[in-house]
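Subject: Handing over a structure, with notes on what was found

Dear colleague,

I am passing this structure on to you, and I would be grateful if you could look through it with the notes below beside you. They are written for someone who has not seen it before.

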Amino acid sequence: MKLSVSGRAAASVAVATVTLLATGSIAGAAPAPEPAAVAAAPDLPVADVKAHLAQLQSIAAANGGNRAHGRAGYTASLNYVKGKLDAVGFTTTVQSFTSGGRTGYNLIADWPGGDTNRVIMAGSHLDSVTSGAGINDNGSGSSAVLEAALTVARTGYRPTKHLRFAWWGAEELGLVGSRYYVNSLSSANRARISGYLNFDMIGSPNPGYFVYDDNAAIEKTFKDYFAGIGVPTEIETEGDGRSDHAPFKSAGVPVGGLFTGASRVKTAAQVAKWGGTATAFDRCYHSSCDTTANINDTALDRNGDALAYAVWTLSS
């Protein structure tokens, strides 16, 4: 999650290019057949998500202790994610921009097939702050989105809608990468995005279970999942406007997402609801101790499965 307004670095964006998918309907086509039954959403093995986190930790350790914008650790993180996606058949695009005098990158991955006039996106920011490896913020979201994409390929999922996954750069400098992406889209391509799902900090060590309330249908999808496993949720307020869903929302795209809490203190009522302690949801937020030891496996597992449930449900 990005720094508060007072902590943002100045950002300037330079022109770059991106390959965007666009297609039209076929005139005179025969009536569509009855839709097939909705595919059941798979379980995302938390061990596989944690394996990605371990790789991001190793990347940070080998590159000055962080994966921040414009640094070698960020480039290595992007190359790790891109390599995994390329190997299983995604069409990947690296989009470049400039912020704070350094070049940054977004990674966009499209799964072939589905109606490209109706796109479901799931995304997360891949950069950390300079003070640490950023494993909860936001290796957790990035790794779960990656594992969801790999599961799409592994299961041979053929959604009705088109699936697109994204990893954003320079979120910590003020949502720079995601804002650049949204601003680079034509109005027609923005209108083709049926929903953008954001995952920023989903493995906090003292977790809450927060759902964005920006779009009623997406909110209900996530709430239905958590209700089904008996986990109460609350509306997310700590990160309002502070993560990569904000540029999409401002452009009129329906958005939603999940969050497990950052520097706010868990209340006594929330401790009674979710367990844990009346301390910060993540005491290592934006700190050097945000390592693989800073992850709650249960929260990571539940939120990863909720991510998959939403992607499968909304794209069917």
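To begin with one residue, E219 has a relative accessible area of 13% and is therefore buried, the cut-off for that class being under 20%. Please keep in mind throughout that this is a predicted model. E219 forms a salt bridge with K223, and the closest N and O atoms of the two are 2.7 Å apart. The two residues are 4 residues apart in helix 6, which covers residues 216-228, so that about one helical turn separates E219 from K223. Unlike the buried E219, K223 counts as partly exposed, because its relative accessibility is 30%.

Helix 6 also contains T221, which is buried with a relative accessible area of 8%. If neighbours within four places in sequence are left aside, T221 is in contact with Y309, A310, T313 and L314.

The pair in helix 6 belongs to a wider set of charged contacts, for the structure holds 9 salt bridges, and two others are worth describing here. In one of them the side chains of R164 and D110 meet, at 2.6 Å from N to O. Because R164 lies in strand 4 (residues 161-168) and D110 in strand 2 (residues 102-111), this pair ties together parts that are 54 residues apart in sequence. R164 is buried, with a relative accessible area of 5%, and D110 also counts as buried, at 5% relative accessibility. In the other, R118 forms a salt bridge with D115, where the closest N and O atoms are 3.2 Å apart. Here R118 is partly exposed, its relative accessible area being 33%, and D115 counts as partly exposed at 26% relative accessibility.

Next come the helix packings. Helix 2 (residues 72-87) and helix 3 (residues 135-155) pack with their axes 10 Å apart and at an angle of about 10°. Angles under 35 degrees count as roughly parallel, and helix 2 and helix 3 are therefore roughly parallel to each other. Their crossing is left-handed. On the side of helix 2 the meeting residues are Y80, V81, K84 and L85, and on the side of helix 3 they are L146, A149 and L150. Sorted by class, this contact of helix 2 with helix 3 has 6 nonpolar residues, 1 charged residue and no polar ones.

Helix 3 also packs with helix 9 (residues 297-315), and the axes of these two come within 10 Å and cross at roughly 50°. Helix 3 and helix 9 are therefore oblique to each other, and helix 3 passes helix 9 in a right-handed crossing. From helix 3 the contact takes in S140, A144, V145, A148, T151, V152 and T155, while from helix 9 it takes in L300, G304, L307 and W312. The residues of this contact divide into 7 nonpolar and 4 polar, with no charged residues.

V49, which is found in helix 1 (residues 46-61), brings some of these residues up again. Not counting residues up to four places away in sequence, V49 touches S143, A144, E147 and L300, and among these A144 and L300 also take part in the contact of helix 3 with helix 9. The C-alpha atoms of V49 and S143 are separated by 5.5 Å, although the two residues are 94 residues apart along the chain. V49 counts as buried, at 2% relative accessibility.

The last residue in these notes is V182, which lies in helix 4 (residues 176-184). At 2% relative accessibility, V182 counts as buried. With residues up to four places away in sequence not counted, V182 touches R190, P247, F248 and A251. The C-alpha atoms of V182 and S250 are separated by 9.5 Å, and these two residues are 68 residues apart along the chain.

With the structure open, you might begin with E219 and K223 in helix 6, then turn to R164 in strand 4 and D110 in strand 2, and after that follow helix 3 through its contacts with helix 2 and with helix 9.

With best wishes

Key. Residues numbered from 1 in each chain as written. Predicted model: local features only at pLDDT ≥ 70, side-chain atom pairs only at ≥ 80, totals over all residues. Heavy atoms only, no water. Buried < 20%, exposed > 50% of the residue type's maximum accessible area, 1.4 Å probe, protein only. Contact = heavy atoms within 4.5 Å. Axes fitted to C-alpha atoms, helices over the stretch in contact; angles between N-to-C directions. Parallel < 35°, antiparallel > 145°, perpendicular 65-115°, else oblique. Left-handed = near helix turned anticlockwise from the far one by under 90°. Nonpolar A, V, L, I, M, F, W, Y, C, P; charged D, E, K, R; others polar. Salt bridge = Lys/Arg side-chain N within 4 Å of Asp/Glu carboxyl O.
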